[in-house]
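Reader: I have just opened this structure and would like to learn how to read its pockets. Could you walk me through them?

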Amino acid sequence: MKIAVLPGDGIGTEIVAQAARVLEALRGDGLKIELEYAHIGGAGYDAAGDPFPAATEKLALAADAVLLGAVGGYQYDTLPRPMRPEQGLLRIRKGLGLFANLRPALLYPELVNASTLRPEAVSGLDIMILRELTGDIYFGQPRGIRTLDNGEREGFDTMRYSESEIRRVAHVGFRIARKRNKKVCSVDKANVLDTSMFWREIVTGVGKEYPDIGLSHMYVDNAAMQLVRAPKQFDVILTGNIFGDILSDEASMLTGSIGMLPSASLDANNKGMYEPCHGSAPDIAGKDIANPLATILSVAMMMRYTFAREDIAQRIEDAVRKVLRQGLRTADIYEDGMRKVGCATMGDAVVKSL
Ligand code: NAD
């Protein structure tokens, strides 16, 4: 298992250190795990003047899987756009062809009180958000800021999706639903956007190949509302890049903390990049208070999707559950009566429980 480890910026280094310890602990089981480190994001800019340095790209292309922390920091906010940390992220996704982004929103029973929603609304919640990752308005050309004939300036971006892009991600969605509760809800804005009308047409067509899966469609504004009204109605949510970006962050809060949510980004052959859903959290970086569980759970997803080791994936998830049952909590999921611990202590506990 050749894994490229890209800690990135902010809390990235702290949380990835704990996830790497989990991987190292698995070596004790005789697994041949190779970890190689490289820079990305602001760290890439600092080290090599590029948020996605050539050495990082080479390592990521050669690896079976990539473990990433997070990128971004206030000190990079004034750099020209191509040098910004987020560009590193967009380029590695595009470069590795990682078009399917899986973001489970799973509520652990132990954390039912950490959610801002009433326990009865969220207990038992288990949603999989599948976000298309390499198309849409985030990549569409033309884009830019220009001066019009009348002298006024305007900013513009282009939302576009090709048929093949929609098709391949829709297939992933239906296949995932087959292993779950057999429901796909495709989210779009087909009442206003032509891109969405086309998305709906193609997803409906692909759905005919999966007669065992129930397909429904929902406008994104309604989906945003339904996610906080009655989130348990969803099984797999299939959506485009920008809608998925926003809805998955919303869904994360249903589970209590963004610090609990892992993600996988897969190519057509299940090669993947695994990272927490949250960002680099510069407000808490360097304080040893970040929650490393989303990153550790991302390692579980790596075992499941890239290495097809469901057994190891479950062992890691069980280890996390056990630690939560023991009452250990980082600050973001802390409640009265629990034991508040830092990032490294949480990592220790998971490794021990594993
Ligand atoms: P963020 O996810 O970094 O932080 C949002 C809030 O959640 C903050 O209050 C933070 O302290 C908290 N938080 C996040 N992760 C946590 C964890 N593991 N444990 C405890 N608390 C946690 O989002 P933001 O503040 O909007 O962005 C900060 C930087 O991260 C920006 O530069 C942004 O561009 C970048 N970003 C990167 C990614 C990524 O690398 N995938 C994703 C989103 C944002």
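Reader: How many nonpolar, polar and charged residues does the lining of the largest pocket have?

Author: Happy to help! This is a predicted model, where local features need pLDDT of at least 70, side-chain atom pairs count only at pLDDT 80 or more, and totals for chains, interfaces and linings use all residues. Residues are numbered from 1 along each chain as its sequence is written, and side-chain values use heavy atoms, with hydrogens and water left out.

On a 1 Å grid over the protein atoms alone, a pocket is an open set of points where a 1.4 Å probe fits, with protein on both sides within 12 Å along at least five of seven lines; lining residues have an atom within 4 Å of a point. Ala, Val, Leu, Ile, Met, Phe, Trp, Tyr, Cys and Pro count as nonpolar, Asp, Glu, Lys and Arg as charged, and the others, Gly among them, as polar. Here the lining has 18 nonpolar, 13 charged and three polar residues.

Reader: Which residues lie nearest the centre of the largest pocket?

Author: Of its 34 lining residues, those are Leu102, Met128, Ile176, Arg304 and Tyr305.

Reader: Why does the largest pocket lie between domain 1 and domain 2?

Author: Domain bounds come from an automatic or database domain assignment. Both domain 1 (1–99 + 267–354) and domain 2 (100–256) contribute lining residues, so the largest pocket lies between them.

Reader: What classes line the second largest pocket?

Author: Its lining has nine nonpolar, ten charged and seven polar residues. Each of domain 1 and domain 2 supplies at least three residues to that lining.
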